[in-house]
Amino acid sequence: MRTALAGLLVLAGCAAKPAGNAAPHGYVAGAEETAEPQYRLVLADGAKAHVLDLLSGKVTAAGEAGDVTSVTGDGRHAFLSGGALRIVDGGAWMVDHGDHVHYYRSAVRDLGEVAGRGPHEAFSDTAVTAVRFGEGTVKLYDRARLDKGEIAQIGGLSARGPVVPYAGHLLVADGDAVHVKTRAGAQVRTIGEGCRDPEGAAVTRRGVVVGCADGALVVDGNLAAKKIGYPVRGTRATEFRHRPGSTTLAAKAGDQGIWVLDVTRSTWKLIKGKGVLAVNAAGDGLPVLSLTGDGTLQSHDPVSGKRTARTKLLAVPENPVIQVDTARAYVNDPVREAVHEIDYNDGLRRARTFRLGFAPRYMTEIGR
């Protein structure tokens, strides 16, 4: 119910009657439109994949997962990385029309496996899904056909860094630069601001962030770029975590603590701490969350770095992951075969614990 009223207002604002036999505004064949977000977690225990519906608490089997080593998502699909790539349609997503949003749900589907070893890195827009394989090969897939359950490759290239579909192009981090290419992979130009040793990327509402050896390169919707350099020496960020669309990002800073990147203000903040295993950022002006080796979950103010709350959450952290949405955070607990739901706006209060009957070693959230 936390977003039901907002969702009903959104639907009321775009519920114009269709003319003649035209499909209603927002109609998607085979899907049900809903009044609120349909948040779900795609989970893997190393052998099988599962989908947890966060509204009903129901768990749905999503097929064999093989030797999974990580799971990432694009808002609807989960990409299970291991000896091969398996793609699961989590059956929940949102469509942002700018002035309003549509929420959908459908059946969970195991779309199948793609040959090629990991680690795999996947990014999508509405037209293209780009997956980079462990050896640097990048395969491009038709996103519309993926939504319909078909894994259809439409192109390929190679890159040593992230490849992100954005603004009708592909941003390809390779060598010491980020290149702008067509969706078919043809070179358009190279962004003037360099990016040495690119690793890690994120899509925000202000542009794409690419991690570089000396900071972060931000490419906006006009394909203009700026570099946000590190303010102090330290272990660089190599993987960014954030609530999708927001402009505050978190990354592990080795044994130094947590990097916080504020894209809007073009600033980095180093929050010092020891033993950080997992991080995420809830959004602009909202807490930065971290989990340490003793199983303690902490929140910090993203600007001052001041700790605002802490709670002992896990007895034994095992491959911990923190996922965040607009009101809650989720932390996996493989030892207890559970996932904990955390209200990060209420002193890290544990709102619910989902008992699963399997060990959720890998996790991503979809429906966002």
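Colleague: What makes you say that the charged end of K139 sits over the ring of F133?

Modeller: This is a predicted model, and in it the charged end of K139 is 4.8 Å from the centre of the F133 ring. The distance part of the cut-off is within 6 Å, so K139 meets that part and is listed as sitting over F133.

Colleague: Which ring does the charged end of R76 sit over?

Modeller: That would be the ring of W93, with the charged end of R76 3.6 Å from its centre.

Colleague: Why is the pair of W93 and Y104 called stacked?

Modeller: Happy to explain! Their ring centres are 5.6 Å apart, and pairing needs centres within 6.5 Å. Their planes are at 20 degrees; under 30 counts as stacked, so stacked it is. W93 belongs to strand β8 and Y104 to strand β9, so the pair ties together parts 11 residues apart in sequence.

Colleague: How do you know whether W93 and Y104 are buried or exposed?

Modeller: Buried means under 20% relative accessible area. W93 has 9% and Y104 has 2%, so both count as buried.

Colleague: And why is the pair of Y230 and W268 called tilted?

Modeller: The planes of Y230 and W268 are at 35 degrees, which is neither under 30 nor over 60, so the pair is tilted. Their centres lie 4.5 Å apart. Y230 is in the loop between β22 and β23, while W268 is in strand β25, 38 residues apart.

Colleague: Which residues form one aromatic cluster?

Modeller: Y230, W259 and W268 do.

Conventions: Residues are numbered from 1 along each chain as its sequence is written. This is a predicted model: local features need pLDDT of at least 70, side-chain atom pairs count only at pLDDT 80 or more; totals for chains, interfaces and linings use all residues. Side-chain values use heavy atoms; hydrogens and water are left out. Rings of Phe, Tyr and Trp (its six-membered ring) pair if their centres lie within 6.5 Å; planes under 30 degrees apart count as stacked, over 60 as edge-to-face and the rest as tilted. Helices (H or I, at least four residues) and strands (E, at least two) are DSSP runs, numbered from the N terminus. Buried means under 20% relative accessible area, exposed over 50%, partly exposed in between (1.4 Å probe, protein chains only). A charge sits over a ring if NZ of Lys or CZ of Arg is within 6 Å of the ring centre and within 35 degrees of the ring normal.
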